[in-house]
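Me: I would like to learn how to read contacts, helix packing and cores in a model. Where should we start?

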Amino acid sequence: MDPNTPVDTSGLYRDILDFAHSTPEWVQVFSEVWTDAGLLLFGVLFVVAWWRARRGDPRALAVAVLAPLATAIAYVCSEVLKSLIDEERPCRAVSDAASSLVQCPPYGDWSFPSNHATIAGASAVALALAWRGIGWLTLPLAVLMAFSRVFVGVHYPHDVAAGLVLGALVVYLVVRLGTRPAARVTETMRGSSTGVVRWFAGPGVAASTATPAPVPAPGPYEAYQPYAPHQPYAPHQSQQPHQPYAPTEPPAAPRQGAPQR
């Protein structure tokens, strides 16, 4: 056991590696691919989150842009810790364990904390902050990616656990401290005269969802309707001139001899 190992999880490492060798071959191949392909998937999700935020308010775009930047900062912090602790890889330090499923990294590529787990934890939390409702997907993916590093035999369990916590903590702090100044930069970029800069910052909230400008209140003279001239005078029917009198003819007299009724 490496004396620089902060926690002894070699027993759990052996159990997981033994379990890995007992799984079907397709599971082992999937774990070998996923341990690196997960990084590409998180990268694609970062691009999608930025594209969605281009039509949001400045704060939403600021968080989406800070998400990959904060993940990169978490990775740098992980590398600094690696150089300070110098923990040997378990695929070399644990002699009685089964062989790793992938090639053991060279000497000097230290084990604690796991860079993959750090990036996975940082990406999962950053995406959950930038894209509301996607945490149900990114968080399990991050745990699965971290577990795959132990499954293939290149990390201790405590390496990946520390990496997940480190990545999540760094991202939270960077986003929390950087959102407000980044939002101000976003507003400036959206008003820039450079087309590429405006395209990157996006149009902001769509005009269709914008609040319409309030209608100004009418002035003291606008509250009244303008004067409308009266219509020409039309005399009432009762005031129309009388028609000249025309006498009617008297009824015809009955003929002689006609029976009277």
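Reply: Start with S148, which, leaving aside neighbours within four places in sequence, is in contact (heavy atoms within 4.5 Å) with S31, W34 and T35. This is a predicted model, where local features need pLDDT of at least 70, side-chain atom pairs count only at pLDDT 80 or more, and totals for chains, interfaces and linings use all residues. Residues are numbered from 1 along each chain as its sequence is written, and side-chain values use heavy atoms, without hydrogens and water.

Me: Is S148 buried or exposed?

Reply: S148 is buried, at 4% relative accessible area (buried is under 20%, exposed over 50%, partly exposed in between; 1.4 Å probe, protein chains only). S148 is found in helix α6 (helices are DSSP runs of H or I, at least four residues, numbered from the N terminus).

Me: How do α5 and α6 pack?

Reply: Two packed helices are described by the angle between their axes and the distance between the axes. Here α5 (residues 115-130) and α6 (residues 135-151) pack at about 180°, with axes 8 Å apart (lines fitted to C-alpha atoms over the stretch in contact; angles run from 0 to 180 degrees between N-to-C directions). That makes α5 roughly antiparallel to α6 (over 145 degrees).

Me: Which residues touch the most other members of the largest nonpolar core?

Reply: Nonpolar side chains tend to be buried together in soluble globular proteins. In this core of 34 residues (buried Ala, Val, Leu, Ile, Met, Phe, Trp, Tyr and Cys joined through side-chain atoms within 4.5 Å), they are F42, L45, L127, V171 and V175. α3 gives the most to this core, eight residues.

Key:
Helices (H or I, at least four residues) and strands (E, at least two) are DSSP runs, numbered from the N terminus. Angles under 35 degrees count as roughly parallel, over 145 as roughly antiparallel, 65 to 115 as roughly perpendicular and the rest as oblique.
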